[in-house]
Amino acid sequence: TTSGITVASEERRGDAEVIIVRLRALRAQAFVNSKQNLSWCPRPGCGHAVAVTSTAGDGGAERLSLCTLECACGMRFCGPCNQEGGHEPANCKQWKDWQ
C-alpha cells in the first residue's frame with residue numbers, strides 16, 4: 001500500500017541521516033587523533049577536543065609531555081596521557097615510573 005511505501009521511505013531517510021551523523025563524528029575523531037596538539041577530553045560524555053596553545057620554539061614534543069589542559073567542561077587533564085588533574089612538573093614517563 002501507499003502508506004507502507006511512505007513508512008519504508010521515511011525509515012531509509014532516517015537511517016541515512018544517522019549514517020551521515022556517524023560519518024561526520026568519525027571524520028572529526030580521525031582529525032583530532034591525527035593532530036599532536038589536540039586531545040579529547042577524558043570526561044565521560046564530554047566529547048570536546050582541547051587544543052594545546054603554545055608559541056614557536058617552546059620545546060615541541062617535550063612541551064606536550066608537560067601539558068595540563070583544561071576543557072570547556074572544566075576538566076583538567078594531561079593531554080598526552082589523560083591523567084586527571086595533570087601531573088606537572090613531571091612528564092608522562094616520570095609520572096608513570098613514580099606510580
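# Reading a predicted fold, pair by pair

Me: E70 and R76 form a salt bridge here, and their closest N and O atoms are 3.6 Å apart. What general idea lets side chains pair like this?

Reply: Side chains of opposite charge can pair when their charged atoms come close. The cut-off for calling a salt bridge is 4 Å between a side-chain nitrogen of Lys or Arg and a carboxyl oxygen of Asp or Glu, so the E70–R76 pair, at 3.6 Å, counts. Keep in mind that you're looking at a predicted model.

Me: Where is E70, and is it buried or exposed?

Reply: E70 belongs to strand β3, which covers residues 68-70. Buried means under 20% relative accessible area and exposed means over 50%. E70 comes out at 49%, so the label is partly exposed. Its partner R76 is also partly exposed, with 41%.

Me: What else does E70 touch, once residues up to four places away in sequence are left out?

Reply: E70 touches V50 and M75, as well as R76. You can also compare sequence with space: V52 is 18 residues from E70 along the chain, and their C-alpha atoms are 9.5 Å apart.

Me: How many salt bridges are there in the whole structure?

Reply: Two. Besides E70–R76, the side chains of D97 and K93 meet in one, with an N to O distance of 2.8 Å.

Me: How do D97 and K93 sit relative to each other in helix α3?

Reply: Look for the helix spacing. D97 and K93 are four residues apart in helix α3 (residues 92-98), about one turn of the helix. Both ends of this bridge pass the 50% mark, so both count as exposed: D97 has a relative accessible area of 54% and K93 has 56%.

Me: Which side chain puts a polar atom 3.1 Å from the backbone nitrogen of K93?

Reply: That's N91. Here you're reading a side chain against a backbone atom, rather than two charged side chains. N91 lies in the loop between β4 and α3, and with a relative accessible area of 14% it is buried.

Me: And which backbone oxygen lies 3.1 Å from a polar atom of the S39 side chain?

Reply: The one belonging to G79. S39 is in strand β1, residues 38-40. S39 has a relative accessible area of 10%, which is under the 20% limit, so it's buried. Its contacts, apart from residues up to four places away, include V32, H48, A49, V50, L69 and F77, and G79 is on that list as well.

Me: What is usual for phi and for peptide bonds?

Reply: Most residues other than glycine have a negative phi, and most peptide bonds are trans. Now try two spots in this model. The phi of N82 is near 65 degrees, a positive value in a residue that isn't glycine. And the peptide bond joining E88 and P89 is cis, with an omega of about 15 degrees.

Me: Where do N82 and P89 lie?

Reply: N82 is in the loop between β4 and α3, and so is P89. N82 is partly exposed, with a relative accessible area of 36%.

Me: What about nonpolar side chains on the surface: which residues make a patch?

Reply: I19, L23 and L26 make a nonpolar surface patch of about 270 Å². To place the patch, find L23 in helix α1, which runs over residues 2-34.

Me: Can we step back? In what order do the elements run from the N terminus?

Reply: The order is α-β-β-α-β-β-α, giving three helices and four strands. Of the 99 residues, 21% count as buried. The accessible surface comes to about 7200 Å², and 55% of it belongs to carbon and sulfur atoms. As for how the chain folds back on itself, take the contacts between residues at least 6 apart in sequence: 28% of them join residues at least 24 apart.

Me: Last one: where is the prediction's confidence lowest, and where is it highest?

Reply: The lowest is helix α2 (residues 61-64), with a mean pLDDT of 50, and the highest is strand β4 (residues 76-78), at 92. The protein averages 80, and 75% of its residues score at least 70. R76 from the opening salt bridge falls within that β4 range.

Conventions:
Residues are numbered from 1 along each chain as its sequence is written. Side-chain values use heavy atoms; hydrogens and water are left out. pLDDT is the predictor's confidence in each residue, from 0 to 100. Helices (H or I, at least four residues) and strands (E, at least two) are DSSP runs, numbered from the N terminus. Patches are made of residues with over 30% relative accessible area and no salt bridge: like charges are joined within 9 Å, nonpolar side chains (Val, Leu, Ile, Met, Phe, Trp, Tyr) within 5 Å. Accessible areas come from the Shrake-Rupley method with a 1.4 Å probe; for residues, only the protein chains shown count as cover. Buried means under 20% relative accessible area, exposed over 50%, partly exposed in between (1.4 Å probe, protein chains only). Contact means heavy atoms within 4.5 Å. A polar contact is a pair of N or O atoms within 3.5 Å; within protein, one must be able to donate a hydrogen and the other to accept it, and residues adjacent in sequence count only if both atoms are side-chain atoms.
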